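Open the model in your viewer and keep the selection panel at hand. The tour moves from the whole chain to single residues.

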Amino acid sequence: MKQAKHGWCKIWQRVFLSGCPRYSFLRIFFQIMIVSVWSCVVSSPAVAAERLRIIAAQTAADTGLISSLADGFRALHPEVNVDIQPAGALASLDLGRRGLADIVITHAPGGEKLFVDDGYGLLRTTIMYNEFAILGPPTDPLKLATEKNLTAVLQRLAREQVSFLVPGKRSGTLNKLNELWLMAGIDPDWVGYEISNASSIATLRDAALFGKYTFTDLGTYLVNRGTLGGNIVPLYRDNILLRNYYSAIVVNSERDPKANQALAESFLEYLVSDEAQERIRRFGEERFGTTLFTPAAYLDEGLKARRAKNALELKQQELKLMTGMVLVLIALCILASLMLTRMRKLNKVRRRSEERFQLALAGTNDGIWDWDVLVDKAFFSPRLQEILNIEYVDGFVSNPKRIFAEKIIPNDQLSALGKLECYLQKGLGDDLFQVEFRIQPDNEIRWLLMRGKAIRGPTGEAVRISGSVTDITERKTQQATIEHQALHDSLTNLPNRALLSDRLENSIQLATRQNTYLALVVMDLDRFKDINDTLGHQVGDMLLQQVGARLQRILRPVDTVARLGGDEFAILLPVTDATYANHISQKIILSMKKAFELGQHSLYVGGSLGIAIFPQHGHDAETLIQHAEVAMYLAKRSNSVCAFYDASQDRHTVMRLELEKDLHEAIDNNSLELYYQPQFDLRFNKMIGVEALLRWRHPQRGMVPPDEMIPIAEQTGLIKPLTIWVLNTALRQCEMWRRDNIHLNVAVNLSVWNLQDPTLVDELKAMFATWRLPPSSLELEITESAMMADPNRAMEVLTNLDAMGVRLAVDDFGTGFSSLAYLKKLPVHALKIDKSFVMGMEKEENDATIVRSTIDLAHNLGLSVVAEGVENEETLKILALHGCDIAQGYYLGRPLSLTDIMKFIEDHRAEVSTEKQPLDNNFHPGKAMP
């Protein structure tokens, strides 16, 4: 065929280009014959009936692009019928081998090479590329969309062991994904990684249906976007490593006689034409509103070579036609002169470039390297030699990989050198290389960032690579510091709640795989608030630091001690059962019983511990922490020091938290109320006062008992605002009664926490001024246990209240263990006998003796006596007979709401005092009236 072509060229030159007259007739004859033959060819019915068979990869065919290109080809060749058959990437090559195609368009580089090597294909040409993408749930729980590094994305998928679905084993999509796993050094062997036997479309739909991750090309996604329901979206894309290159291969007619090779070559020429490449570029925007395929014919080396060859042949023919030997010699002389001038200019430019290069090397803080891979020799700049602590006079080194290997610390060698080798062998033509590693040129470890860009040969392997090395030690140090601060408590330097949760999740995963247990212990310090408020935050901080250090000393290295906040600590015990967890908890309790030396103070601080065991008490970190805290609150309430999580108690803890919130709102919204129980003077048979009793009618739970409400207020710090509300309400009502000429004193109970409040005295002074009441109109009742909790502090507060004129009473006298000698020193004015003794006086002689003795004791100490729990007339007579001063109880009057107490006062108006009571700080009891 080539010989015939050359023969026709010679005839053409002689007949049409020769100036010889003897060829004029032949020249006219051949012109007429060529025109006739061409007319016949154009009008030939055989040509009109030609059929072009295209086998195209499904990922491209389904988008409609191949049909669009076929339409463009038919517009230029209306006589040609085009048949398009979609198939899988490898299946399309199999169909080509079976003689069912004239041209194959696919994206399986390995299969394409084998197809050509086996002689089935010719003129393999890259025509375009699109992108693969990693798709997943639109919520993006792994935050893949924010990740810039593809390797990090793949590693995160593998580390989280997500449910990942990929197409069948003979798909080009799977081949591409396997290359990426290999590049990232990942073996996708986790349980959730599933290779289906389905197509890319079916796999994509299954992934959307079941909320899994998958890997597919954007064309497949866009075609099926409407049927996916928004359940899956591209999360990671726009990476050069995700490009999916399509090649067109002409089927060889010598291997398959049925193949229309000539027509296929014509279609291939159209595919690489400017018109077709522009159609490819516009297709995605016109069809889907986004870039889908990118023309890439200009990247194909084979096409470049063929075009160069054709251009060269054409040039040679033109030279033969237009030049002669003389002109050639003249041209060569001129060319030589021009080249000499050019060389001089180039030399000058080269010298200037070298000077600029040397200045750049001297001025940059980065190390520069240039590696000729073929000869395995590299140039290292002076700064790079300084960084690596090496010295070469001329800067050129042999086997640079060995030098890097010697400098990189062993833990980073495999990763860094592996990535470099993978980049040299399998990188793309315009990709960038980047890796971080550590070196230790002296006693200090340094972090380096190495970047590079390769020039590649026809086979894709790097032949030359240049780049830089940057010392990033300071940045790494700052990053490590920031990460440490984000995950550690600034006061104790212990892990914080975030780091504890992360370690707890990892321990749960390990325990699940190994079928073992783990324990989480939460500890809350006792009396920490008292220490912090009394001795100051500096002492409190020192205590927290010593507690953390003491816990770390008694635990194993694999255990984690964390500070959750305030005075709450958590201890993670991996690979631990309930027995060992209880053993460790007892060790912690014993360690807390030892004194803490805090400057000039030596303090004893206890703790309440709650334990939760995986998996019986929870299957995730959040649940285990919550249940351990529930157990800790149970231990604190029951005074048992340590408790395991009990599901039956969890409901009460939730209820307690809800009550705490509701109590806070009730105080703010003034939705509490006071009940008033009458108090009668037995000597004069007069109602001289009331005891104010707090009541809370919860909108859902009804009446909340005080013994449930007060502990919550004391433990949460609400006791102060609650007490202030009670005092203000009681004094306001007392002032309103006095305006109606009803002179009743009011008694209010104080908590142990109120005695620790340094502002109590000043706040009471402000209240008396607000309501214009004398301090003697208020009686404060304090239990023996409250006064003995901190005797010195109680003495100071009670003394100040007594000096102000406030009446003070010891509540529930006889149930505590206070010293009588200490009681004698307290500035109190009355004793309230506990109702448990009063109610049993009729039947129990011991109770009657206790009551009688208490009355005598109080009178001997100059104190008045108030008896609680008077339930009947007989009890009242006995109390009067023994000289009791004041009584209250159901027989005399139950606790009544404000409306009911006002009605009670009206009904007993004759018995209600209308004058200021003679009972004051100088009260001396007399004999009771019968």
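Begin with the whole chain. Of its 930 residues, 45% are buried. Bear in mind that this is a predicted model. Colour by secondary structure: the chain holds 36 helices and 32 strands. Its exposed surface comes to about 48100 Å², and carbon and sulfur atoms supply 54% of that area. Now turn on contacts. Among those between residues at least 6 apart in sequence, 66% join residues at least 24 apart.

**Stop 1: the cores**

Select Leu764, Leu778, Leu780 and Leu801. Within the largest nonpolar core, which has 81 residues, these four touch the most other members. Next, highlight helix H27, residues 719–739; this helix gives the core its largest share, nine residues. Zoom in on Leu780. Beyond four places in sequence, the contacts of Leu780 include Leu727, Val748, Leu750, Leu764 and Leu801. Val806, Arg807, Leu808 and Ala809 are also in contact with Leu780. Another core lies apart from this one. That core has 45 residues, including Val82, Ala207, Leu268 and Phe288. As a rule, nonpolar side chains in soluble globular proteins tend to be buried together.

**Stop 2: a five-stranded sheet**

Select S18, S19, S17, S22 and S23, in that order. They form an open sheet with mixed pairing. Which strands stand at the edges? They are S18 (560–565) and S23 (642–644); each has a single partner strand, so one side of each lacks a neighbour in the sheet. On average, neighbouring strands here are turned by 20° against each other, direction ignored.

Look at S17 (residues 518–525) beside S22 (residues 607–614). The two pair in the antiparallel sense over eight bridges. Pick Val522: its bridge partner in S22 is Gly610.

Now add the helices. H20, residues 497–514, lies across S17, S18, S19 and S22. H20 runs at about 20° to S19, which spans 568–574. H24, residues 621–638, lies across S17, S18, S19, S22 and S23. The angle of H24 to S22 is about 140°.

**Stop 3: Ser171**

Jump to Ser171. Look in the loop between strand S5 (164–166) and helix H9 (172–184). Is Ser171 buried or exposed? At 13% relative accessible area, Ser171 is buried, because buried means under 20%. Show the side chain of Ser171: one of its polar atoms lies 2.9 Å from the backbone oxygen of Gly168.

**Stop 4: S11, S16 and S15**

Select Asp372 in strand S11, residues 367–372. Asp372 is partly exposed, with 32% relative accessibility. Leaving out residues up to four places away in sequence, Asp372 touches Lys377 and Val463. Add Asn399, 27 residues from Asp372 along the chain; their C-alpha atoms are separated by 10.0 Å.

Follow S11 across to S16, residues 462–471. Six bridges join these antiparallel strands. Check one position: Trp369 stands opposite Gly467 in S16.

Then bring in S15, residues 446–456. S15 also runs antiparallel to S16, and nine bridges join the pair. Here Arg456 stands opposite Ala462. Finish at the hairpin of S15 and S16, where five residues sit between the strands. Select Gly460 there: its phi is positive, near 95°.

Key. Residues are numbered from 1 along each chain as its sequence is written. This is a predicted model: local features need pLDDT of at least 70, side-chain atom pairs count only at pLDDT 80 or more; totals for chains, interfaces and linings use all residues. Side-chain values use heavy atoms; hydrogens and water are left out. A nonpolar core is a set of buried Ala, Val, Leu, Ile, Met, Phe, Trp, Tyr and Cys residues joined through side-chain atoms within 4.5 Å. Buried means under 20% relative accessible area, exposed over 50%, partly exposed in between (1.4 Å probe, protein chains only). Helices (H or I, at least four residues) and strands (E, at least two) are DSSP runs, numbered from the N terminus. Contact means heavy atoms within 4.5 Å. Two strands pair if DSSP finds at least two bridges between them. Axes are lines fitted to C-alpha atoms, for helices over the stretch in contact, and angles run from 0 to 180 degrees between N-to-C directions. A polar contact is a pair of N or O atoms within 3.5 Å; within protein, one must be able to donate a hydrogen and the other to accept it, and residues adjacent in sequence count only if both atoms are side-chain atoms. Accessible areas come from the Shrake-Rupley method with a 1.4 Å probe; for residues, only the protein chains shown count as cover.
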